[in-house]
Amino acid sequence: MQTSFNLFQYTLLRRILLSAFGLGFIIAFVSMFRLYPLDTAYMGILYTYSIVSLIIYLLSTKFTQYYLLYVYSIVFSSLFTLSVMMIHVLHDEFRLIWFFLVSFVSFMLGGKRFGFGVTFVITLMVVVLFYAYDLHLSFYAILTFMVSLLVFNLFTYYFLTKIQGDTEHFETLVSLEVQKREASEQILLRKYRMANMGEMIDAIAHQWRQPLAQGNMILLNMEEELDNKAYLEEKITQLAKLNEHMSQTIEDFRYLLHEGKNKVTFKSDVLIDEVLTLMQTQLKDIDLHYSNTISYKIVGYKNELIQVLITLLSNAIEVLDIRQIQDKKIFIDIEEDKDDIRIHIEDNAGGIEASIQDTLFNPYITTKVQTEGTGLGLYIAKIIIEDNMQGSLSVQSGLHGARFTLCIKREL
């Protein structure tokens, strides 16, 4: 027997079961010392009721799929116990109040239809007991109870309907906001990707400029040595190598821009070497401080991580150019702890103003006014690291300048 339920209902059920066990056991135990006047029969029923509640509680901790069975058990065992109380505890003029609690619990645990069904059973049970036994209650007391129970049920029905409606409305609003945020992030990702493609094309142009110049020189020289077969073969081989290099450059960047997201296993030194290879032209005037003597194993999205590292290095290169630093330096350090690998990238451009450090990763925030930066690079980089790789991206003031720290899990 299975039914759908939420965490609140399940938690409420378990607390009710514990309360029923504790209350029933305490009342029965106290009655043994005549501190609470109960006859032996009802005292035994209370002990049984408390034990049954405890057993249901213990079962509910292991077998959650039988939630509805547990609800039926506690509700109808409570009704049986209360019906016995109606007959045996005649000195308690307010014993009918307990039925309000059972009715409310039925609404909360089983829903509105189940709550009305239990209320009907309570009403029928009280009427039968009233005419079958002397309950020491007047007809007007029973009538008042039934009218009050009806009003209470109507209020509970309205209360639950209002909560359900508000919850659905809130869930709809949250869903719409999530959709808007996802759509907004997709737009930003596309903008970032277009900007990134522009940077890649610019990098390819830098990578091709020297080979094209060399190829032109070779062709010019070949015109003067058309009769020298050995010379021509040598130059043709050189041209083939240049073309191969240019073709490999295209393949490297095409692979980087590929949208496929597959987890792969790679090493940190290979990762950094690939990034530095892709950016070798931009880094040619930079004094790069990096040692790849230690390598760490990483399992994750390699292409996305390469894009983030290119973004961080490109930002460092641009700020060094903007501030016209003469002795340009970039420091790359890698360290690990038990679960994470940290990649630190720092330049010697003097750092970032403290007033904008907190907003640096917000969209459309840029420090590259002169180069008209989009303000999306660091924002998208943070999304990639935090959402896709369960890591973190932060910035601090280092010894030489801005120090970006990229923390990623060793295995995602």
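In this predicted model, one helix pair is picked out by its side chains: F8, Q9, L12, L13, I16 and L23 of α1 sit against W98, V105, M108 and L109 of α4. Sorted by type, the residues of this α1–α4 contact come out as 9 nonpolar, 1 polar and no charged. As for geometry, two packed helices are described by the angle between their axes and by how far apart those axes are. Here α1 (residues 7-32) and α4 (residues 97-110) pack at about 155°, and 10 Å separates their axes. With angles over 145 degrees counted as roughly antiparallel, α1 and α4 therefore fall into that class. The crossing of α1 past α4 is left-handed.

Further along the chain comes a sheet. It is an open one, built from 5 strands in the order β2-β4-β5-β7-β6, and its pairing is mixed. At the edges sit β2 (287-289) and β6 (392-397), each with pairing on one side only. From one strand to the next, the twist averages 15°.

Now for the β2 side of things. Strand β2 runs parallel to β4 (residues 329-336), and 3 bridges hook the two together. Within this pair, L288 is found opposite I330 of β4.

Two helices go with the sheet. Helix α8 (residues 268-278) lies across β2, β4 and β5 (340-347), and its direction is at about 160° to β4. Helix α9 (residues 302-322) also packs on the sheet, where it touches β4, β5, β6 and β7 (402-409). The direction of α9 makes about 20° with that of β5. Both helices, then, touch β4 and β5.

Key:
Residues numbered from 1 in each chain as written. Predicted model: local features only at pLDDT ≥ 70, side-chain atom pairs only at ≥ 80, totals over all residues. Heavy atoms only, no water. Pairing = 2+ DSSP bridges. Helix = DSSP H or I, 4+ residues; strand = E, 2+ residues; numbered from the N terminus. Axes fitted to C-alpha atoms, helices over the stretch in contact; angles between N-to-C directions. Contact = heavy atoms within 4.5 Å. Parallel < 35°, antiparallel > 145°, perpendicular 65-115°, else oblique. Left-handed = near helix turned anticlockwise from the far one by under 90°. Nonpolar A, V, L, I, M, F, W, Y, C, P; charged D, E, K, R; others polar.
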